[in-house]
Amino acid sequence: MPQPDLRTPARLATTIRPYDWGSVTALPELFGTEPTGQPQAELWMGAHPGAPSTVGGVPLGELIAADPAGTLGEPSAARFGPALPYLLKILAVARPLSLQVHPTTEQARAGFADETARGIPLDDFARTYRDASHKPEMVCAVTPFHGLCGFRSPAATADLLDRLAVPGLRSWIDTLRSAEPGDALRRVFAEMLDDASLPLRAEVEAALLDADDADLAVYAGLARACPGDRGVVAALLLHHVSLRPGEALYLGAGVPHAYLGGVGVEIMANSDNVLRCGLTTKHVDVPELMRVVDFTPGEPFLVRPEPGEPGAYHYRAPAPEFALSRHDLDGESTHELPGGLPQIVVCVEGEALLGDALTLRPGESAFIPASVPSTRLGGKGTAYRALPGDSALRALPGGCA
């Protein structure tokens, strides 16, 4: 197959993953397409081998491998190797995702090497580490979006559990109030996930379903959506976070989380490493998850959009692999996108025009190779742009935005 010409922005053909937590209607409504009757959970844009985007029928990863300098630019290729450093997605969440964490780079390398040495195939159900990379991620809300993220202070969680009036919770409440915070969270989280706590978890679920308490409503929703799942009670240790459209949340290694509802644009390091402990029918590995979890309590990491040129907003996360920009296009002015960087642009509303010849409608995306000079982005609607986030790359002429 002939290699596509990558001297201009190139339209991507992409894949939608049909995970069972996905919405049947949200992406069709957003993209103006017909529902399939099946969940449509994640639209993937990038070069991850799990669902690589293609250009002219050729996987994006193959095009990058054939010309790393031209597609990625020398700075990105030198910093991250001959691979696109990020993966961009659009999520449509209709029911809870798994309660999960992501590993550090060191943990991912060690876990991947260990499972590979033990001969566990990459597509095996019991495989935990699908690659050797960490997976920091950031989600920006397109519609109202909410989820669970990070450990609440043990004292605040003790007060919340007290309101359930379940006598069997007294031991956990006392631990949360008396022990050192990290140790208290580790001990209680482990006991909540242990099968020995099954009778108590059933009592807590029943109490949640009977509770008339706004602070407990989201956890009662989990009990209805995932009855009997060990993750329902463990979720009570986590913050509930609600994002309005345009707000963003960053998740680093070891932070437990679960998205619960809404449509969002998500960007992450180019990895699919997920360790799960509940709220899922996928592989659960509690011992490995306990080794990876960061039990430090803290507030969720909200990323504030930084205004750039009129109509452009930039989201910078503390991850070198990625940054994200939102472009609100007014139909008159254009935004200049710098050259020298591997960028993906996706339209989520209206129409986005790249250069002189490429029109993107909702759900459509394009790859801008590093060899392309600065590109005009216009139209009328909303588009998101993914690009490397390393500070060294931001020093390029025109900035990395």
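The exercises below deal with the nonpolar cores, the pockets and the cavity of one predicted model.

In this predicted model local features need pLDDT of at least 70 and side-chain atom pairs count only at pLDDT 80 or more, while totals for chains, interfaces and linings use all residues. Residues are numbered from 1 along each chain as its sequence is written, and side-chain values use heavy atoms, with hydrogens and water left out.

**Exercise 1. The cores**

Task: find which residues have the most contacts inside the largest nonpolar core, and which helix gives the most to this core.

Solution: Begin with the term, since a nonpolar core is a set of buried Ala, Val, Leu, Ile, Met, Phe, Trp, Tyr and Cys residues joined through side-chain atoms within 4.5 Å, where buried means under 20% relative accessible area with a 1.4 Å probe and protein chains only. The largest such core has 51 residues, and those with the most contacts inside it are Leu164, Leu169, Phe189, Leu208, Tyr219, Leu236 and Leu237. Helix H8 (residues 181–193; a helix is a DSSP run of H or I with at least four residues, numbered from the N terminus) gives the most to this core, with 6 residues. Apart from this core lies another, of 41 residues, which includes Val55, Leu60, Leu88 and Ala248.

Next, look at Leu208 by itself: leaving aside residues up to four places away in sequence, Leu208 touches Leu164, Leu216, Tyr219, Ala220, Val232 and Leu236, a contact being heavy atoms within 4.5 Å.

**Exercise 2. The largest pocket**

Task: find which strand gives the most to the lining of the largest pocket.

Solution: On a 1 Å grid over the protein atoms alone, a pocket is an open set of points with protein on both sides within 12 Å along at least five of seven lines, a cavity is a set where a 1.4 Å probe fits but cannot get out, and lining residues have an atom within 4 Å of a point. The largest pocket holds about 790 Å³ of space, and of the 41 residues that line it, Tyr19, Asp272, Val274, Arg276 and Lys282 are the closest to its centre. Strands (DSSP runs of E, at least two residues) S3 (42–45), S6 (86–93) and S12 (257–269) each supply at least two lining residues, and S12 gives the most, with 5 residues.

**Exercise 3. The cavity**

Task: find which strand gives the most to the lining of the largest cavity.

Solution: About 40 Å³ of space lies in the largest cavity, and its lining includes Val139, Phe145, His146 and Tyr259. Strands S9 (145–151) and S10 (238–243) each supply at least two lining residues, with S9 giving the most, 5 residues.

Terms used:
Buried means under 20% relative accessible area, exposed over 50%, partly exposed in between (1.4 Å probe, protein chains only). Grid points are joined across faces, edges and corners, and a volume is the space filled by probe spheres set on the points.
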